[in-house]
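Thanks for coming. I will walk through one small example this morning, starting from a single spot and working outwards.

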Amino acid sequence: MQESGQFIGTVVDILPSGHDLLEVKFDATFSEDKAGKTILIPFVMEIVPIVDLETRRVEITPPPGLLSIND
């Protein structure tokens, strides 16, 4: 999370579509009940403003509800 610095999980795949989607596997440190589950995050500048290939890190600014869609 760009704002808080909180670790959400690991990008496990990039799915091609109209806008590519990042498939992210949630980490238990973010949410124990979501640990191991995956979520699709639109790979667009508004949501994923920072991609640092050198450190293998992306930062996200998800809109409200994006990370809780499957609750």
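Please find Arg 56 first, in the loop that runs between strand S4, residues 50–52, and strand S5, residues 57–59. Before going further, note that this is a predicted model. Arg 56 is not a glycine, yet its phi is positive, at about 55°. Is Arg 56 buried or exposed? Its relative accessible area is 79%, and the cut-off for exposed is over 50%, so Arg 56 counts as exposed.

Now step back to the whole chain. How many strands are there, and how many helices? The chain has five strands and zero helices. Read from the N terminus, the order of elements is therefore simple to write down: β-β-β-β-β.

Next, the overall dimensions. The chain has 71 residues, and a compact globule with that many would have a radius of gyration near 11 Å. The value for this chain is 12 Å, which agrees. Along the principal axes, the C-alpha atoms fill a box of roughly 30 × 25 × 20 Å. About 5,000 Å² of the chain is exposed, and 54% of that area comes from carbon and sulfur atoms. Of the 71 residues, 24% count as buried.

A word on contacts and charges. Take the contacts between residues at least 6 apart in sequence: 25% of them join residues at least 24 apart. The chain carries 5 positive and 12 negative charges, and the mean positions of these two groups are 6 Å apart.

Now the strands, beginning with S1 and S2. Strand S1 covers residues 9–15 and strand S2 covers residues 21–26; they run antiparallel and are joined by six bridges. The connection from S1 to S2 is a hairpin of five residues. Two pairs are worth finding on the screen. Ile 14 has Leu 22 in S2 as its bridge partner, and Thr 10 stands opposite Lys 25 in S2.

Keep your eye on Lys 25. Which residue of S3 is its bridge partner? It is Thr 38. Lys 25 thus takes us from one pairing to the next: S2 and S3 are also paired in the antiparallel sense, here over five bridges. Another pair between these strands is Val 24, which stands opposite Ile 39 in S3.

Strand S3, residues 38–42, has two faces to look at. Ile 39 and Ile 41 make up the covered face, while Thr 38, Leu 40 and Pro 42 make up the uncovered one.

Back to S1 for one residue, Gly 9, which lies in that strand. What does Gly 9 touch, leaving aside residues up to four places away in sequence? The answer is Val 24, Lys 25, Phe 26 and Asp 27. Gly 9 and Ile 39 are 30 residues apart in sequence, and their C-alpha atoms are 9.8 Å apart in space.

For another pair, go to Glu 3, in the segment before S1. Glu 3 and Glu 23 are 20 residues apart along the chain, and 21 Å separates their C-alpha atoms. Glu 3 has a relative accessible area of 83%, so it counts as exposed.

To recap the strand pairings: S1 pairs with S2 through six bridges, and S2 pairs with S3 through five. That is what I had for today.

Definitions and conventions. Residues are numbered from 1 along each chain as its sequence is written. This is a predicted model: local features need pLDDT of at least 70, side-chain atom pairs count only at pLDDT 80 or more; totals for chains, interfaces and linings use all residues. Side-chain values use heavy atoms; hydrogens and water are left out. Helices (H or I, at least four residues) and strands (E, at least two) are DSSP runs, numbered from the N terminus. The radius of gyration is taken over C-alpha atoms; the globule rule is 2.2 Å times the number of residues to the power 0.38. Buried means under 20% relative accessible area, exposed over 50%, partly exposed in between (1.4 Å probe, protein chains only). Contact means heavy atoms within 4.5 Å. Accessible areas come from the Shrake-Rupley method with a 1.4 Å probe; for residues, only the protein chains shown count as cover. Lys and Arg count as positive and Asp and Glu as negative; His and the chain ends are not counted. The place of a charge is taken as NZ of Lys, CZ of Arg, CG of Asp or CD of Glu. Two strands pair if DSSP finds at least two bridges between them.
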